[in-house]
Amino acid sequence: MNNDITALRTPDVIAAEINTIKRTTAKYVLEQSIEIGRLLCEAKETVPHGEWGHWLEENCDYCTSNANNLMRIYTAYGEDDEQLSFFAG
């Protein structure tokens, strides 16, 4: 029986499984990056002027450029669920 299972696991089947995992992982990372960006935008509104960089380093271990990139991801993708549809295939 083990040989039957191995025979069904062709390189094409294995590649399809790998590509499915890659798409799922990329979608998860993007979704989580969007959520972090949303939270950073929310936090930035509450942090006193001039304290943003210090707050980021102390509380999130992010530099300003990383935080800005995550907030841009939120701005670009976070408000429209259809923009994630390219992962649907």
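Of the 89 residues of the protein chain, 17% count as buried. This is a predicted model, so please read every value below as computed from it. The chain exposes about 6800 Å², and carbon and sulfur atoms supply 54% of that area.

What secondary structure does the protein chain contain? There are four helices and zero strands, and along the sequence the pattern reads α-α-α-α. Among contacts in the chain with a separation of 6 or more, residues 24 or more positions apart account for 59%.

**How the helices pack**

Two packed helices are described by the angle between their axes and the distance between the axes. Here are those two values for three pairs drawn from H2 (residues 11-46), H3 (residues 52-59) and H4 (residues 64-77).

| Helix pair | Axes come within | Crossing angle |
|---|---|---|
| H2 and H3 | 10 Å | roughly 130° |
| H2 and H4 | 7 Å | roughly 110° |
| H3 and H4 | 9 Å | roughly 90° |

Let's take the pairs in turn. With axes crossing at roughly 130°, H2 and H3 are oblique to each other. H2 passes H3 in a right-handed crossing. Which residues meet there? From H2 come Leu40, Ala43 and Lys44, and from H3 come Trp52, Trp55 and Leu56. By class, this contact of H2 with H3 has five nonpolar residues, no polar ones and one charged.

For H2 and H4, the crossing angle is roughly 110°, and because 65 to 115 degrees counts as roughly perpendicular, that is the description this pair receives. On the H2 side, the contact is made by Leu30, Ser33, Ile34, Ile36, Gly37, Arg38, Leu40, Cys41 and Lys44. On the H4 side, the partners are Ala67, Leu70, Met71, Ile73, Tyr74 and Tyr77. The contact of H2 with H4 divides into eleven nonpolar, two polar and two charged residues.

H3 and H4 are likewise roughly perpendicular to each other, with axes that cross at roughly 90°. Trp52, Gly53 and Leu56 of H3 make this contact with Thr64, Ala67 and Met71 of H4. By class, the contact of H3 with H4 has four nonpolar, two polar and no charged residues.

**A closer look at leucine 56**

Leucine 56 lies in helix H3, and it takes part in the contact of H3 with H2 and in the contact of H3 with H4. Is this residue buried or exposed? Leucine 56 has a relative accessible area of 0%, so it is buried. Leaving aside neighbours within four places in sequence, leucine 56 is in contact with Leu40, Asp61, Tyr62, Cys63, Thr64 and Ala67. As for distance along the backbone trace, the C-alpha atoms of leucine 56 and alanine 43 are separated by 9.5 Å, and these two residues are 13 apart along the chain.

**Aspartate 61 in the loop**

One of the contacts of leucine 56 is Asp61, which sits in the loop between H3 and H4. Most residues other than glycine have a negative phi. Aspartate 61, although not a glycine, has a positive phi of about 60°. With a relative accessibility of 69%, aspartate 61 counts as exposed, whereas its contact partner leucine 56 is buried.

Key:
Residues numbered from 1 in each chain as written. Predicted model: local features only at pLDDT ≥ 70, side-chain atom pairs only at ≥ 80, totals over all residues. Heavy atoms only, no water. Axes fitted to C-alpha atoms, helices over the stretch in contact; angles between N-to-C directions. Parallel < 35°, antiparallel > 145°, perpendicular 65-115°, else oblique. Left-handed = near helix turned anticlockwise from the far one by under 90°. Contact = heavy atoms within 4.5 Å. Nonpolar A, V, L, I, M, F, W, Y, C, P; charged D, E, K, R; others polar. Buried < 20%, exposed > 50% of the residue type's maximum accessible area, 1.4 Å probe, protein only. Areas by Shrake-Rupley, 256 points an atom, 1.4 Å probe, with all protein chains shown as cover.
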